[in-house]
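Trainee: Please take me through one part of this structure in close detail. I am new to it, so explain each term as you go.

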Amino acid sequence: MNNSSMSTTDNYSDYYGLSTDDVKFQASDNSNVRNFSRVFLPPVYSIVFILGFIGNGLVLCVLVKYHKPFNMSDLCLFNLAISDLLFLMSLPFWAYYAAIAEWNFGDFMCHAVTALYMLGFYGSIFFMILMTVDRYAVIVHTYTSLFSKHRSVRASIALALFVWTLSLVASLPAISFSKVNTTSISNVSKCMVEYSERKMWKSFHYIQLNIFGFIIPLSVMLFCYSRIIPILMTMKSQKKHKAVRLMVVLVTVFFLFWTPYNIAIFLKFLQELGYMTSPQWDQNLQMAIQWVESIAFSHCCLNPIIYAFVGQKFRNLFLKLLKQWFPHCFGQCTIVESESSERTASMYLRASEIFSRKTKV
């Protein structure tokens, strides 16, 4: 995955005006938002879940079956798929929750589903950052001793564990403050992030999502790719154009999918500071959040395509896996695995090979 967004549980507390510090408007003010969410969110979340689960599941199947031992790029791709799957596993619960406007899974599942959502969200963002830095190191600092150490198996595993730890730490506030609450307004159970008197935490939550989920990853992408592209453009190989195009696609897709969401989250932050607090502003913002949130969530469906299936080697391994699963349907498929593709797991590692061959001439 937005990578950024606020927790869906927090969204629902705002949708229905249920948290003790947010009951400012009449229930009728949010009736349009509530009715819209019942119709709009369940099918959208279901589609994102199905497409994302298939794509990321296939990535895991290919990596587990054919990539042993994992290199740094494979490890990042593996954990990115795990992060997206964790995030996706929370969507059926939120879809059902939106459909019936009541939480029927108990307090433990409220914490658990919020944990899946937040861990998947931050994990996806942080592993995209790690993949970008790794590819920057592959191309810009190919022959340094620091780079060799960075890509060792132990260092790669340590980095992955560090990213998961960082994701857990970033997720703890939302997980800790999530709870099931029965309100006097609707007399039904709701799973929400309840900050109660801790308004500072709510403001911190929004800013944290903006910084960790959008500003930092976008800045890292722009910096790393701005250093990579000039190096690629000095090469004589025609593959450089494909590499540059893919980098532009990665940044563009991330920007388009996550910018509207983060603008909405920043507006929620301004609302916490006392700006734009009219009932009409609140209703319009909640309606907008549902649209931009759905766009941001669908990014996890694109991750397998732009990070895995774009690579020739990965496509070959995927076709090989399908041939084993469905020998009659794919019996005529010819899998071509060259020495070059054996050493790469993604487009940037292929670009690294081009750079290596150029420097040897």
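Mentor: Start with two ring residues: Phe121 and Tyr122 are both buried. Buried means under 20% relative accessible area, exposed means over 50%, and partly exposed is in between (1.4 Å probe, protein chains only).

A word on the source. This is a predicted model, where local features need pLDDT of at least 70 and side-chain atom pairs count only at pLDDT 80 or more, while totals for chains, interfaces and linings use all residues. Residues are numbered from 1 along each chain as its sequence is written, and side-chain values use heavy atoms, with hydrogens and water left out.

Now the rings. Rings of Phe, Tyr and Trp (its six-membered ring) pair if their centres lie within 6.5 Å; planes under 30 degrees apart are stacked, over 60 edge-to-face, and the rest tilted. The count comes to 25 aromatic pairs. One of them joins Tyr97 and Trp103, edge-to-face, with centres 5.4 Å apart and 80° between the planes. Tyr97 counts as buried because its relative accessibility is 0%. Trp103, at 2%, counts as buried too. Phe121 and Tyr122 also pair: their centres are 5.0 Å apart and their planes lie at 70°, so this pair is edge-to-face.

Next, the helices. Helices are DSSP runs (H or I, at least four residues), numbered from the N terminus. Helix α4 spans residues 106-140, helix α6 spans residues 153-177, and they pack at about 140° with axes 8 Å apart. Axes are lines fitted to C-alpha atoms over the stretch in contact, and angles run from 0 to 180 degrees between N-to-C directions. That angle makes α4 oblique to α6. Under 35 degrees is roughly parallel, over 145 roughly antiparallel, 65 to 115 roughly perpendicular, and the rest oblique.

Which residues of α4 and α6 make the contact? From α4 they include Met118, Tyr122 and Phe127; from α6 they include Val163, Trp164 and Ala170. Contact means heavy atoms within 4.5 Å. The contact residues divide into 16 nonpolar, six polar and no charged. Nonpolar covers Ala, Val, Leu, Ile, Met, Phe, Trp, Tyr, Cys and Pro; charged covers Asp, Glu, Lys and Arg; the others, Gly among them, are polar.

Look at Trp164 in α6. Leaving out residues up to four places away in sequence, Trp164 touches Asn79, Ile82, Ser83, Leu86, Leu119 and Phe127. Trp164 and Phe127 are 37 residues apart in sequence and 8.9 Å apart, C-alpha to C-alpha.

Terms used: Helices (H or I, at least four residues) and strands (E, at least two) are DSSP runs, numbered from the N terminus.
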